[in-house]
Amino acid sequence: MYRGKQILLGVSGGIAAYKAVELLRLLVKAGADAHVVMTRHAQEFVCPLTFQTLSGNPVHSELFNLIQEREIGHIALADRAVLCIVAPATANVIGKVAHGLADDLLTTTLMASKAPVLFVPAMNVNMWENPLYRENQARLEHHGYHFMTPAVGELACGWEGQGKLPDPAAIFDFAQNLVGSRDLAGRTVLITAGPTREELDPVRYLTNYSSGKMGYAIARAARNRGARVILVSGPVALAPPEKVEMVQVTTAREMHAAVMARCEGSDVIIKAAAVADFRPLERGTGKMKKGDRKQLSLELVRNPDILADLGAKRSKALLVGFAAETDDLLANARKKLADKGVDLMVANDVTEPGAGFGRDTNIVRFLDRNGKVEELPCLPKEAVAGKLLDRIQSLLKESGGKKFRRQ
Ligand code: PMT
């Protein structure tokens, strides 16, 4: 998405300026033509040469530098950028732009640019909570400027709380939102991800190896393409994606309720979660004692099949299932597609190296209701998500209407 695009990276003066180096590295690696503008204070934290070496472009900082002005000029910087990212964005820079002040190269460039501007604030928690700061951010948001929410944790100033610069990879990912295709704008995409947990007693549960990576990658990609995304997630160790409506659940029955309550308003439903088919018939109220037993049998009962219930409901949403198989991939996936009444099935053989649970890559086949099979190579889950959304988009287009028409 960034390939060949001119991105302006503004770095203002906070300790988190060092993290902007990693963000720049990611942008350059993705093929962006990145140009860095630093405030004077930022240069106290990181040397401009670091950014210059990584970007391959001169670093700009002075508004009235004759050489810089002749070679590029702040208006050219503002005009050529397709996106401006300010990371870290201090309360000072945000406050100045919020009040139309342009007293250095960064604020002047931001005010002169017609490109989307993403502020990634990083500051002391009390500054972040200060009503004056909040008013400035709200004012900028009202005028169409974009913001990421700072992370919570131990801050460099010694305080604990909200105000940390998010991970550079998360900024890189979020910013794609603002440069890529918005072909899913106006659509609501409901995604499930991760495992479910079925408790045996207060200390034990039945679950599976799903990490949520596949579903979360789809959620980020759909958000980046302009969709309103609702992510119903089982318990995972992943950070909730920015600007995605999160619904946290634990059990299959909770996931069922969360999905059913939201399916009517959705245009697309993607079931990437690994839902437990069974749960213990009874949940012990206290820790089950082993006693002198040599063996233990568990009695299990069926959980609701969320995907099959959605298929039976025949809502207007395009319904996408995942099939996790260990043998007879296509035959089993075809059967699930027909039995559960889905429009598109994503089949993965979870025994294949590079595919399935917990990995960063996946190997999938798309099966549609006309019997067409599309095989994809081993790809990062982000790329699988992109291909899946391309396929969904073409099915939505084929359906002609605003809503997918199920036969
Ligand atoms: O989370 P990761 O570590 O990234 O791993 C990704 C993944 C392997 C979990 C993912 O790619 C995947 O295959 N997800 C579906 C896992 C699964 O439960 O497959 P299944 O073949 O058992 O179920 C078929 C479909 O029915 C799935 O869409 C599932 O969400 C749905 N289902 C299953 C049982 C149930 N009770 N309710 C359901 O909705």
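Q: Two strands count as paired if DSSP finds at least two bridges between them. In this predicted model, which residue of β20 stands opposite F366?
A: Strand β19 covers residues 364-368 and is joined to β20 by 3 bridges, which satisfies the requirement of at least two bridges. The pairing of these strands is antiparallel. Within β20, the residue opposite F366 is E374.

Q: Which strands stand at the edges of the sheet, each with a single partner strand?
A: The open sheet contains 8 strands with mixed pairing, ordered β12-β11-β8-β13-β16-β17-β19-β20. Each edge strand has a single partner, so one of its sides is left without a neighbour in the sheet. These edge strands are β12 (245-248) and β20 (373-375).

Q: By what angle are neighbouring strands of this sheet turned against each other on average?
A: The sheet in question is the open one of 8 strands, with mixed pairing. With direction ignored, the average turn between its neighbouring strands is 15°.

Q: What angle does the direction of helix α13 make with that of β16?
A: Helix α13 spans residues 306-313 and packs on the sheet. The strands it touches are β13 (268-271) and β16 (318-325). Between the directions of α13 and β16 the angle is about 150°.

Q: Which strands does helix α14 lie across?
A: Helix α14 comprises residues 329-340, and its direction is at about 150° to that of β17 (344-349). The strands that α14 lies across are β16, β17, β19 and β20.

Q: Is D339 buried or exposed?
A: D339 belongs to helix α14, and its side chain forms a polar contact of 2.6 Å with that of K335. Its relative accessible area is 52%. The threshold for exposure is over 50%, and therefore D339 is classed as exposed.

Q: Which residues on each side of β13 are buried?
A: In a regular strand, side chains alternate between the two faces of the sheet. In β13 both faces are covered, with buried residues on either side. These are V268 and I270 on one side, and on the other I269 and K271.

Q: Which residue of β16 is the bridge partner of K271?
A: β13 has parallel partners in β8 and β16, with 4 bridges to β8 and 4 to β16. On the β8 side, I269 is the bridge partner of L190. In β16, the bridge partner of K271 is G321.

Q: Which elements do the buried residues of α12 pack against?
A: Helix α12 runs over residues 252-262, and its buried residues are A252, M255, H256, A258 and V259. They pack against strands of residues 188-193, 198-201 and 228-233, among others. By name, the elements are β8, β9, β11, β12, β13 and α13.

Q: Is T251 buried or exposed?
A: T251 lies in the loop between β12 and α12, and a polar atom of its side chain is 3.0 Å from the backbone nitrogen of E254. Beyond its neighbours within four places in sequence, T251 is in contact with T196, R197 and E198. The relative accessibility of T251 is 19%; because the limit for burial is under 20%, T251 counts as buried.

Q: How much of the accessible area that the ligand has on its own does the protein cover?
A: There are 27 residues around the ligand, and S210, S211, K336, N348 and G358 come nearest. Backbone N or O atoms also lie by ligand oxygen atoms, at 2.8 Å for G212, 2.8 Å for M214 and 2.9 Å for L307. Of the 780 Å² that the ligand has on its own, the share covered by the protein is 96%.

Q: Which residue of β2 stands opposite Q6?
A: A sheet of 5 strands, open and with parallel pairing, has the order β2-β1-β3-β4-β5. Its edge strands are β2 (33-38) and β5 (146-147). Strand β1 (residues 6-11) pairs with β2 over 6 bridges, and in β2 the residue opposite Q6 is D33.

Q: What is the phi of D328?
A: D328 is placed in the loop between β16 and α14 and, at 57% relative accessibility, counts as exposed. Its phi is positive although the residue is not glycine, with a value near 45°.

Technical notes. Residues are numbered from 1 along each chain as its sequence is written. This is a predicted model: local features need pLDDT of at least 70, side-chain atom pairs count only at pLDDT 80 or more; totals for chains, interfaces and linings use all residues. Side-chain values use heavy atoms; hydrogens and water are left out. Helices (H or I, at least four residues) and strands (E, at least two) are DSSP runs, numbered from the N terminus. Axes are lines fitted to C-alpha atoms, for helices over the stretch in contact, and angles run from 0 to 180 degrees between N-to-C directions. Contact means heavy atoms within 4.5 Å. A residue is near a molecule or strand if one of its heavy atoms lies within 4 Å of it. A polar contact is a pair of N or O atoms within 3.5 Å; within protein, one must be able to donate a hydrogen and the other to accept it, and residues adjacent in sequence count only if both atoms are side-chain atoms. Accessible areas come from the Shrake-Rupley method with a 1.4 Å probe; for residues, only the protein chains shown count as cover. Buried means under 20% relative accessible area, exposed over 50%, partly exposed in between (1.4 Å probe, protein chains only).
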